Amino acid sequence: MIFYKQNGLWIRATMLLFMIIFLFSARTSAQESPSKSLDSLDTVKGYILGEVIVTSSKNKVQIESPMPMQILSGQKLEKLNSLSVADAIRYFSGVQLKDYGGIGGIKTINVRSLGSAHTAVFYDGMSVGNAQNGQVDLGRYSLDNIETIELYNGQKSTIFQPARGFFSSNTLFLKSKSPNFKESETHHLRSAFKTGSFGLINPSLLYQQKISPTLSLSSSVEWVKAHGRYTYRYKKEGGYDTTAVRQNGDVNSFRAEVALHAKLGKTGQANVKAYLYDSERGLPGAILANRYNHVQRQWDRNFFLHGSVQNSFSKKHHLLGNIKFSRDYNRYIDPDYKTLEGALDNKYYQNELYASLVNLYEIKDWWKVSLATDFSLNNLKANLYRFPYPTRYSYLVAASSQMQWQRMDLQVNVLGGYINEEVRYYQQGDDQTVISPVISASWQPFSTNAFRIRAFYKESFRMPTFNDLYYTFIGNSSLRPEFTTQYNFGATWNIGAEGILQDATVQADIYYNQIKDKIVAMPSSNLFRWTMLNLGEVEVKGLEVNTNLGFNLPASVFLDLGISYTYQQAIDITPNGTTYGDQIPYTPKHSATLTSAINWKEWQMNYSFMYTGERYSQKANIPVNYVQPWYTSDIALNWDGELLKKSVKIGAEVNNLFNQYYDVVLNFPMPGRNFRLSLSLEL
């Protein structure tokens, strides 16, 4: 068994802090009514298919959450000049987006420098992942059918969720648009079309049908096609400065979703969703050694079918069940790499069967407990000689307790995981057993409920991916899981005002993360054969500040302003390492974003600014690895009104307004100034 132990002094200090907060709050709460407000985070009406639906404002949810959370939803999500989920979450603090260039480039996120594999992605309450490489390409998720994006550091602030939701260091929740009919409505139809730079053609259609008072259907289809060519600037140190055109960045993708929604009694719900994504794209590759064009291509096909049911069989007992089957197909062709059969042509087939059951019981009005159990089976097949054909069985359990008084919310989780693997033609990895704790608290120290203090301590892990363990010439079946320890202390403040300043929300958090047994790639006998090893140890110290302001200006003008800033010192502390004390790759010490929107009648103008400080592309912080800071400005103008008694929205966007040339990932140049036009019609 593996029990991850961290510095005892840190743990004792953290536990002491929670005990002090708990005792002080308990004494205060004993003199007050133990009842909770109706818009509490864990009211029965708030539990819908694992998603927390709250009747109060978004600001109230963020203030009361013991885990730092950031939300983009509704009109604010539409204000951003974003085509995909990856484009939108760039504006979250503490997030580094790895963008490999252009509309067809793969896009992954790294939250608080813990690595992409430490962020779990959930779509309508069900996790989406990739056991092969541990990364989710967020560029494939269009915003056309997305209603809400939520990012949680630690985990979502509810104990009524599947066990998977507790196990990752960070969680990203995507919620699609669900039917909401007025009494006289029976259906909704929304069509949209986008076009612009890179040869973009992007039509989409959303249809929702009310079948009966308790049953509704929703479906969504979308097609994205673009040639992906754009001009960029290439400079060689001590050499030439030239302008070239990015090649092999085309994409052709299709997405389709169908969902059936049912109401069960007064509080229960159930749904079934089928999802299909199919794409072909060119991989533009890195600009190195005077090579500007690449010919590698990739095909992806992802299908899943999942069902979910939530119901309450008594006032005190609530049940949530999920089941899902998914199949991923990936094909990669590299004509430059020759084999005995010709050009390299690898095909991978990945299957997952997942089931989850959550039981929640209300012991008292202020005390709830839950037990979540998950089982998943993953296997991977390929057309490679003596491929190991790994199969992974994962059993996850989360026992949770939540105590909520008028001024205090305290959650304690104990997580247990057992992972077993079977392989062919390869040395089988060891079974893994992990037990880890999580404790979080949110406390209202003063009589006003506009100010709260929050803190959490969490231990979590991520299993090595199939590629880490078994990839030809690279894999190491003896790898141990990566373990993370997270500490967070912060405060939230919501200012409700009258006059010009209508609303203001401020969130500030300081955090400390540590990663042990970090999996790194090390060269072996030659540069074509690398070995995965547990060598790395990383320490992250950071500060995040988020501010949202709303101003009511004269002449019926409303200004919405959001500002975020992140400071991160993420250094390599591997004992006896050659880069001890250096900032880890692609982690800026300073980054900031600004979003703004001016609304006047049917018109809306949006402006956003993003800054990313200097970074290093490799572990060694030396001049040759230095990556310059970059910033971009985006602007948009929208009209949202009625034509012929139909709701119409017309938009024009200019991205990278000042035509900055920059790389998010070194040698993968990003587009300069580009344009997009959009039209949507609701029937």
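**A five-strand sheet, a nonpolar core and an internal cavity**

Strand E9 (170-176) is largely enclosed by the rest of the structure, because 7 of its 7 residues are buried. Here, buried denotes under 20% relative accessible area, exposed over 50%, and partly exposed the range in between, with a 1.4 Å probe and protein chains only. Strands (E, at least two residues) and helices (H or I, at least four) are DSSP runs numbered from the N terminus. The model is predicted, so that local features require pLDDT of at least 70 and side-chain atom pairs count only at pLDDT 80 or more, whereas totals for chains, interfaces and linings use all residues. Residues are numbered from 1 along each chain as its sequence is written, and side-chain values use heavy atoms, with hydrogens and water left out.

From E9, Asn170, Leu172, Leu174 and Ser176 point one way, while Thr171, Phe173 and Lys175 point the other way; all are buried. Strands are taken as paired if DSSP finds at least two bridges between them. E9 runs parallel to E6, to which it is joined by 5 bridges, and valine 121 has leucine 172 of E9 as its bridge partner. E8 and E9 run antiparallel and are joined by 7 bridges; asparagine 153 is matched there with asparagine 170 in E9.

These strands belong to an open sheet of 5 strands with mixed pairing, in the order E3-E8-E9-E6-E7. E3 and strand E7 (126-128) are the edge strands, each pairing on one side only. From one strand to the next, the twist averages 25°, where axes are lines fitted to C-alpha atoms (for helices over the stretch in contact) and angles run from 0 to 180 degrees between N-to-C directions. Strand E3 (residues 69-73) is largely enclosed by the rest of the structure, because 4 of its 5 residues are buried. Its pairing with strand E8 (residues 146-153) is antiparallel and extends over 5 bridges. Within this pairing, glutamine 70 stands opposite leucine 151, and isoleucine 71 has glutamate 150 as its bridge partner.

In soluble globular proteins, nonpolar side chains tend to be buried together. A nonpolar core is defined as a set of buried Ala, Val, Leu, Ile, Met, Phe, Trp, Tyr and Cys residues joined through side-chain atoms within 4.5 Å. The largest such core has 37 residues, of which Leu138, Ile149, Leu172 and Leu174 touch the most other members. Among the elements that each supply at least two residues are strand E6 (119-123), E8, E9 and strand E16 (268-282). Helix H4 gives the most, with 4 residues.

A cavity is a set of points, on a 1 Å grid over the protein atoms alone, where a 1.4 Å probe fits but cannot get out; lining residues have an atom within 4 Å of a point. Grid points are joined across faces, edges and corners, and a volume is the space filled by probe spheres set on the points. The count comes to 7 cavities of 30 Å³ or more. The second largest holds about 100 Å³ of space. It is lined by 12 residues, with Lys79, Leu80, Thr595, Ser596 and Tyr607 the closest to its centre. Helix H3 (74-79), strand E29 (590-600) and strand E30 (603-612) each give two or more residues to this lining. By class, the lining has 3 nonpolar, 5 polar and 4 charged residues; Ala, Val, Leu, Ile, Met, Phe, Trp, Tyr, Cys and Pro count as nonpolar, Asp, Glu, Lys and Arg as charged, and the others, Gly among them, as polar.

How values were computed:
On a 1 Å grid over the protein atoms alone, a cavity is a set of points where a 1.4 Å probe fits but cannot get out, and a pocket is an open set with protein on both sides within 12 Å along at least five of seven lines; lining residues have an atom within 4 Å of a point.
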